[in-house]
Amino acid sequence: MNISTSQALFEKAQNFIPGGVNSPVRAFRAVGGSPVFIKSAKGPYVYDEDDNEYIELINSWGPMILGHGHELIQKAVSDAIQHSFSFGAPTRREVEIAELITSMVPSIEKVRMVNSGTEATMSAIRVARGFTGRDKIIKFEGCYHGHGDSFLIAAGSGAVTFGTPDSPGVTKGVANDTLTAPYNDLDAVQKLVDANKGQIAALILEPVVGNMGCVLPAEGFLEGLRRICDEEGIVFIFDEVMTGFRLSKGGAQERFGIKPDLTTLGKIIGGGMPVGAYGGKAEIMNWVSPLGPVYQAGTLSGNPIAMAAGLTMLSYLNEHPEVYSQLELSGHKLVNGFKNSMKKLGLDYTINSIGSMYTLFFTDQQVTDFPSAKSSNLPLFGKYFHAMLDRGIYMGPSQFESMFLSTALEDSHIERIIQANEDSLKEVIG
Ligand code: PMP
């Protein structure tokens, strides 16, 4: 495959941008080789600067759940830009999207819009700290909650890929206030809580993890956390930046029937524009400025173009429940196809999946937490990634990522992905 234009761009980029990219995992460090530079995308396809076509399994890391360049969102954005790009003042659509979010996400009574998932999680723990008057938080090893200082402790996603889960620049003071527990280990959480009585403001997790690859909560895990948080007055936060509007229209909390106190959102909520949000119980959200004393603000928050895209996306999802049945079916077909291929090839790698999220882990251990995710053969994943890319399948360039399917995938695409997977496995196993 000719990617010479991408290679030339990457070489030039490295002169002016740290590592040549504006977000680390894009540099392909975990899989080797040169990243492809994307020029355009439509429906299930992305096209690179050398005009190679790929079937999308990442979809901008989640937001493009309806596929690329959906006509309704395109129209909403082009209509919105006729009225200027930003006002820094309240607008009608902010009210409409807030009302819609509170109707779609079971636990959200009030919501504040921000510009990224990182801002959403940073703000949510600030509010939890203000509300409880406590400093410490609990997070889980391998969960990624954006690049806020408090979360770069045993973080997943790019931070794992680069082997620097504890970033320089995070002060000891901040790090000391973040306690970590292994995912799916209720006893460990109970011990942390017992050892820090009355000091824990919040417990945050990905209710389904995407950032150590796709890892599901064990039976009773979320319920157990809810109980511990209730007993100890800890604000229970679901980071649904990935799972929100994806695992169902009300996210993981609707799918599992568990109500957190606060929820963080991102990705799909902006329809591809830079948007995040945090929301939850009115009693807690009333602590946010200007109603309450916890300060949080944004020049571009609730940006009219971003709100037009987000509102159109969420309205569509709200009105089209068949989106979710289609995504479930696509996920099933794909994962079953992968399992059949592995059987045929005598391989027993682990594939974790739920709805339209999945990860094929290059390990035969069950993957339920960070250590088991890390038992994967990373060099082998790198080879597999490139074998898939050569066959026109665009995946996340790291073992520690979940893939995200879109409704633009038709059966013919799913069959092509299954075939490419089988051929790639054959190639890399040798
Ligand atoms: N939380 C989760 C669960 C995420 O997956 C991410 C990003 N992948 C974030 C927070 C941070 O979001 P953003 O990249 O928009 O800052």
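K267 is a good place to start: this lysine is buried in the predicted model, because 27 other C-beta atoms lie within 10 Å, and 20 or more are enough to call a residue buried. The UniProt record, an unreviewed entry, places the feature "modified residue: N6-(pyridoxal phosphate)lysine" at K267. From there, the briefing moves out to the sheet, the two domains and the confidence scores.

**Around K267**

- Where along the chain does K267 sit? It is found in the loop that connects β9 (262-265) with β10.
- Which residues is K267 in contact with, once its neighbours within four places in sequence are set aside? They are W61, G62, P63, G117, V241 and M242.

**The seven-stranded sheet**

- β9 and β10, the strands on either side of the K267 loop, both belong to an open sheet of seven strands.
- Reading across the sheet, the order is β4-β10-β9-β8-β7-β5-β6, and the pairing is mixed.
- The edges are formed by β4 (110-114) and β6 (178-181), each of which pairs on one side only.
- From one strand to the next, the twist averages 20 degrees.

**A closer look at β4 and β10**

- How many bridges join β4 to β10? There are five, and the two strands run antiparallel.
- Strand β10 covers residues 276-280, and its residue A277 stands opposite M113.
- Helix α3 (residues 92-104) lies across both β4 and β10. Relative to β4, helix α3 runs at about 125 degrees.

**Two domains and their contact**

- The protein chain is divided into domain 1, made of 4-69 + 321-429, and domain 2, which is 71-319.
- Taken over C-alpha atoms, the centres of domain 1 and domain 2 are separated by 25 Å.
- The contact takes 33 residues from domain 1 and 33 residues from domain 2.
- On the side of domain 1 that touches domain 2, at least two residues each come from α12 (322-345), β11 (350-354), β12 (357-361) and α13 (370-373).
- Which of these elements gives the most to that side of domain 1? It is β12, with four residues.

**How confident the prediction is**

- The protein chain has a mean pLDDT of 96, with 98% of its residues at 70 or more.
- For the model as a whole, the scores are ipTM 0.99 and pTM 0.97.

Key
Residues numbered from 1 in each chain as written. Predicted model: local features only at pLDDT ≥ 70, side-chain atom pairs only at ≥ 80, totals over all residues. pLDDT = per-residue confidence, 0-100. Pairing = 2+ DSSP bridges. Axes fitted to C-alpha atoms, helices over the stretch in contact; angles between N-to-C directions. Contact = placed C-beta atoms within 7 Å. UniProt positions renumbered as here; feature names shortened; annotations may be inferred. Buried ≥ 20, exposed ≤ 12 C-beta atoms within 10 Å, placed from the backbone. Domains from an automatic or database assignment.
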